[in-house]
Every structure is written in structure tokens, then in C-alpha cells.
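Me: I have a structure open on my screen and would like to walk through it with you. Shall we take it one question at a time?

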Amino acid sequence: MNDQTPILLNVQNLTKRFAIANGLFNKPLTLTAVDDVSFSVKRGETLGIVGESGCGKSTLGRCILQLIEPDDGKVIWLGRDLTEFSKDEMRKARTDLQIIFQDPLASLNPRMTVGEIIADPLRTLKPEMNREQRRQRVREMMDAVGLLPEMINRYPHEFSGGQAQRIGIARALVTGPKLILCDEPVSALDVSIQAQILNLLADLKDEFGLTLIFISHDLSVVRHVSDRILVLYLGRIAELAESETLYNDPRHPYSRALLTAVPIADPKLARQHVTEALEGEIPSPINPPSGCYFRTRCPYAIDRCAQIVPPLETTDTGSEASCIRWAEIQADPEGARTRPRE
Amino acid sequence: MTMLEVTDLSVSFRTQAGTVRAVDKMNFSVAPGQTLAIVGESGSGKSQTVMAAMGLLANNGEVEGSVKFDGRELIGMKSGDLNKIRGQDMAMIFQDPMTSLNPYLRVEDQMVEVLMFHKNMKRKEAIDRSEEMLKTVHLPDPRRILRRYPHELSGGQRQRVMIAMALLCDPKVLIADEPTTALDVTVQAQMLKLFAELTDKFNTALIIITHDLGVVAGLADEMMVMYAGRVVEKGSVDELFYDPRHPYTFGLLHSTPHVQQGRDRLAPIKGLPPNLTNLPPGCAFNPRCAFRFDRCVKERPALIVREHNRLSACFYEGEMTEHDMEEDLVHDREKDVAAT
């Protein structure tokens, strides 16, 4: 991955608002789930998207794939804007853009056999294939994800969570996509099974030359799979950085707090580790604070943070962070504090 | 000194598929101020162990063995007597705070009920005590929280209310079943800090059930690893993390992505956990074990003392390296498939 690697997907100023019912006679409230988000994805990379529940990471993913219609912004895919595609064009584009869901069993139709589930995208997206060709393709995919092709006539309930996720992955792969959006693909799985699926995704990525967008709340998992990482807070980008850079030198105060909050699976390190426990919780997206959304929990917040929406700035590490004080905090982390350590 | 002592505890369930032994001959104890972590994957019996200890099993569950709280036998105790201990001396925190709080009652009513029942407090006094406890768990504006219904609170607030309720009567033993699994990582960090405070300041004996090795490393003194209803390894946290003796413990440690490490390939445990109605012969872990040999298929290894207080149930005594777990992908897939 370098600067010359071609850009596959370019998201520009993407915004999605939802109307929230507010009683029969009141005007509905607006919830901005994704707020002016821009980034690009290079061919062959894995871009991780992290954030806590309600930060808009799934909505962002779905807006990219046009499963939810964004209110504003562009999604440039191979030079063309997906938001302007007709239904027919979008259907064709779906051959290239696929998704893997979080809950493997809930995302498989219980009345269809494994073979039918995996072949389903082919029926709609590749109508030129005949039954025998489809069957052959399904067998290849089952083999690729580590399922015995003999299981082709079984139903989803006969499979465990890990195997069901393999079926979901085979379904995403069957049309030969260029980009797969993985929305919390291992969150519902046990540790040992999670490791199997993560390794499988890494192998398939190499084997089929895939580009992945990997959404997860688990920072250890995201670090493990991603080349670059996008940190979201209340629908806005807090920081976008190379994976190693983010974990070693986070610049946004939220990235710093998020990373120190992850429990370390090493007793000696864990004992020395000082967690910066953030106070409070994410504010309601229906009524977010003015200025920087993070300022209500930020240990470095000053008055100005309430007045302006911090733009994304390129920092000394090459990451982009939306914090007006990143340089001051970096220069003197203790002196820059406006809230004392607990 | 031990607060809770569990001896040869077994739990079976009568099901349509026959009797399932969910927990088999568990032995453990916790002392005041100590934290014991019970680790294992879904279906390993970790929750049923503590449910049995609290007398909270489903109707088709049967318990054998002994659970002693402060010297008093809990198994077979009349529910009236048990209720005096539960909620007062022994309290439990569940994973999902929404399903364990009563949705019809304000937080205040749920908390006050505990104190009026166990401590014979007057309502006014009970409200003050509840408010104080909400402050202890770092909930801002406790007076307002007391007037809320559970659905009006966020996940983190609800979990804190649960913890505050569990602490109302200063329990000597606190059992927490995946208490932070449903929470965001920044809120989880706040909770873990709170648990550490409890054992330090109030000398509470804490049993924490979790699948997250990060939580174990930061919080527990001792840990116990369960597989298919049995303890496969037990010892101090340092012993098990830095020198695991059971291949399953070893496998779990190497399946876990570390936040402080980059992108090395994980060495997952092959295959799937067994079905409890149809356990493999010999060691239940043998079909997935990278170190198995003939004996493992024929005989079930007993949980035996290794050195000072550590225990493990495995015949293999050689060294374990990550390399042993790595096999080529084709082989991997065959094994995964074969395990079904």
C-alpha cells in the first residue's frame, strides 16, 4: 500500500439524517447519524471503522453501499457517483460491492438451503448463469470458506455460529466482488471461532484480491486486520490514520481515551497500565453539544471547543484529526489538561 | 479464610435429548478481597456454575455437591432462608441489565424494596441509602436517576444501577456474569475500575465470569478455565497467562488479538466446541487439540495438582509453541469440517 495505490472508493461529505417521531403533534426531531464524512479506500487495503455504539459506523457502511440512501454527499466508486445510479445500474454495481453481517444466523433465510442462500446473489446479479454453472460456483465458494460442498442441501439451523458466518462470507464472495463491507463480522462469535474467521478473511483477501471495509467496536480486532483506521464519534470523524500510527501515536483526545480503555490481555502490563477513564457517556445524537461533539467528555476541552466545529487537520504523524488542540496536547499532555485526572 | 466454598458441584439438565451434564464436579473457593475469574466459551458451563451456587437454576436443572457460604450449606436450603442470604450477603450482577431490572418499576422502588426486605429500613431511610449507593457507582445526579424507569436509562447507567442494587446490603460475595460485555469500551473501563475499588475498599469477594481475557488480566487474582462443563486449568492469573499448561488455555491465549500487538496471524483453536449430549471419548478437548496422543482418546484426564496451587487436566507434559498450532490452510479447513 503506498501513495500510488489507486483509489477504489471515495466518500465525499456523506451525511445521513433520520427523522425521529416526537409525539403526534410535534415536529419530528432530527438525528444526524453520519455527519459530513469524507475518506477514501485504496485498492487492496483494509480500512477499519471503529467507534462506540451509536457512533454511526453501521449507518455509514450502509450509506456507502446505498442500502440506505444518504441525504448528502457523494460515494465515488471507480470514478462514478453511486448516489446517482439508477436502480438498474446499482444492481449491476452490487456484483462488485458486497456485505457480511454481524449476526450470522439472523442474516440467513431459515427456509433456504445453504446452496440456495449462496446462489441467491447470482440469480439476481448474474442472470446469464444457468443452474449447473451456479451450482458449480457455489461449491467452489463453499470450499474456499472451509465448508464441505456436501453440506449444500442443509439448512442454516444445522450450523453453528462460526459456520453460519462462513456461509455469509461465501454468499458475499460468490459474485466475485471487489469490495466487501464487513459489519461486525466476528462480534457474535466465541474467541476461538473469531480467530478462525479472522484468519479466513485474511486468506480470502489475498486469494481473491479483495478490498475490505471492516466495521467493529473491538479495537483489538480492528488493529489486527486494518491497514488504516477511521475513528468515529457521534457520526463525525475524530481521527483517520495508518493503523500502527493510530495505536502508537493517537492525536485526537478521543482516540487516546478509547485506546487506553481497551483491557490489555497481559496481567503484568495491565497492572502498570493507567486507564484514562473517560467520564460520562456519548451524548444523545438527537441533541448533540455545540462545537466539538467530544468536548463534554474531553479532558482537554476549552471554551473555543464549544464555539467551532473542529475541521480535520493533518497532524505531525500524517494522521488526520479533528481537534483544534492536538498540537498543544502533544507538546504538553499534562499542562494542556483542563480537567484534572481522577 | 474463605467466603464461598464450592465442592464437587455438578449440574445436570433433563432435556428431550437426554440428560445433559452442564457442569461436572467443580471445586473452587473465594476469599474476601479476592477476585476469581471463570473463563470459557459459550456452553462451557461457567454461568450454570454460579446459577447453581445461587440456587437460580431452571426447573429442569439438578444440582449435586456442596456450596458453602461462610460455613453454611446453601444446596438444599429452604428458599426462605436462601432469600435472606441472596441479595444481602451474596449478590449477583447479570450480563443484560435490561432483562434483569423490572421494567414496570422506577429505579427507586426496585432499590428500596431490597433494603426494606433485608435491612428492615423505613422507606425514607432506604431512599437515602439508595441515593448514596448510586453515588458510589459514580452515577451523576442520583436523585433524578431514582425517579426513572429502566428504559429511560442508557446501557451504562442501567448496568451501574444493577451494580448499585447488588451492593446495597454490602454483600460479602459478589458474582458478576459477563458484567461488561454489553457495554462500550470507555464505559467498560469505568466499570472495571469500580470492581477493583470494591475488592480493595470493601473487601468483597468477587467472582467474575467472562470470555474476555483482557478483563481477566486486569482484574482477577486467580482464574479457572472451563471447557465442556469441566475445569481444565486453574491457577493464578500470572501462571495461566505466562505459563499455561493446558492446550485449551494456550489456544485461547493465542486466539485473542492483542491491542498492543500488530497484525501477526492468529493461531486459532481448530474445530468447534463439542455438543454436551455427545461428548467425545477421553478428554473432551481432544478432537481440537494440537498436542493429543493415544491416551487422550481413551482416558479422561483428571484435574490434578501441578505445583503449589495450580491445577490442570491434561496428559501432555511437553512444551507448547504457537508453531504447533499452525498448520497449512487446507489442513485447517479439513479439520474444521471434520469437527462438525
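Me: Which order do the strands of the open sheet of four strands in chain B have?
Reply: Happy to help, and please keep in mind that this is a predicted model. The sheet is open and its pairing is antiparallel. Its edge strands, each pairing on one side only, are β2 (18-30) and β5 (72-73) of chain B. Reading across, the order is β2-β1-β4-β5.

Me: How many bridges join strand β1 of chain B to strand β4 of chain B?
Reply: Strands of a sheet pair through backbone hydrogen bonds, either parallel or antiparallel. Here β1 (residues 4-15) and β4 (residues 61-69) of chain B run antiparallel. The number of bridges joining them is eight.

Me: Which residue in β4(B) stands opposite T7(B)?
Reply: Strand β1 of chain B covers residues 4-15 and is joined to β4 of chain B. Opposite T7(B), in β4(B), stands S66(B).

Me: What radius of gyration does chain B have, and why does it agree with a compact globule?
Reply: A compact globule with 340 residues would have a radius near 20 Å, so the value for chain B agrees with that expectation. The C-alpha trace spans about 65 × 45 × 40 Å along its principal axes, and 54% of the residues of chain B count as buried. The radius of gyration of chain B is 21 Å.

Me: Among contacts in chain B between residues at least 6 apart in sequence, what percentage join residues at least 24 apart?
Reply: Chain B holds 14 helices and 12 strands. For its contacts between residues at least 6 apart, the share joining residues at least 24 apart is 64%.

Me: Over in chain A, how far apart are the end C-alpha atoms of helix α5?
Reply: Helix α5 (residues 161-173) of chain A has 13 residues, so at 1.5 Å a residue it should span 18 Å. The model agrees with this: the end C-alpha atoms are apart by 18 Å.

Me: How many of the 13 residues of α5(A) are buried?
Reply: Buried means under 20% relative accessible area. Residues that count as buried include G162(A), R166(A) and L173(A). The helix is mostly covered, and the number buried is 12.

Me: Is N130(A) buried, partly exposed or exposed?
Reply: N130(A) sits in the loop between α3 (114-125) and α4 (131-144) of chain A. A polar atom of its side chain lies 3.0 Å from the backbone nitrogen of E132(A). Because its relative accessibility is 41%, N130(A) counts as partly exposed.

Terms used. Residues numbered from 1 in each chain as written. Chains lettered and ligands numbered in written order. Predicted model: local features only at pLDDT ≥ 70, side-chain atom pairs only at ≥ 80, totals over all residues. Heavy atoms only, no water. Helix = DSSP H or I, 4+ residues; strand = E, 2+ residues; numbered from the N terminus. Buried < 20%, exposed > 50% of the residue type's maximum accessible area, 1.4 Å probe, protein only. Polar contact = N/O pair within 3.5 Å; in protein donor to acceptor, adjacent residues only side chain to side chain. Expected span 1.5 Å × (residues − 1). Rg over C-alpha atoms; globule rule 2.2 N^0.38 Å. Contact = heavy atoms within 4.5 Å. Pairing = 2+ DSSP bridges.
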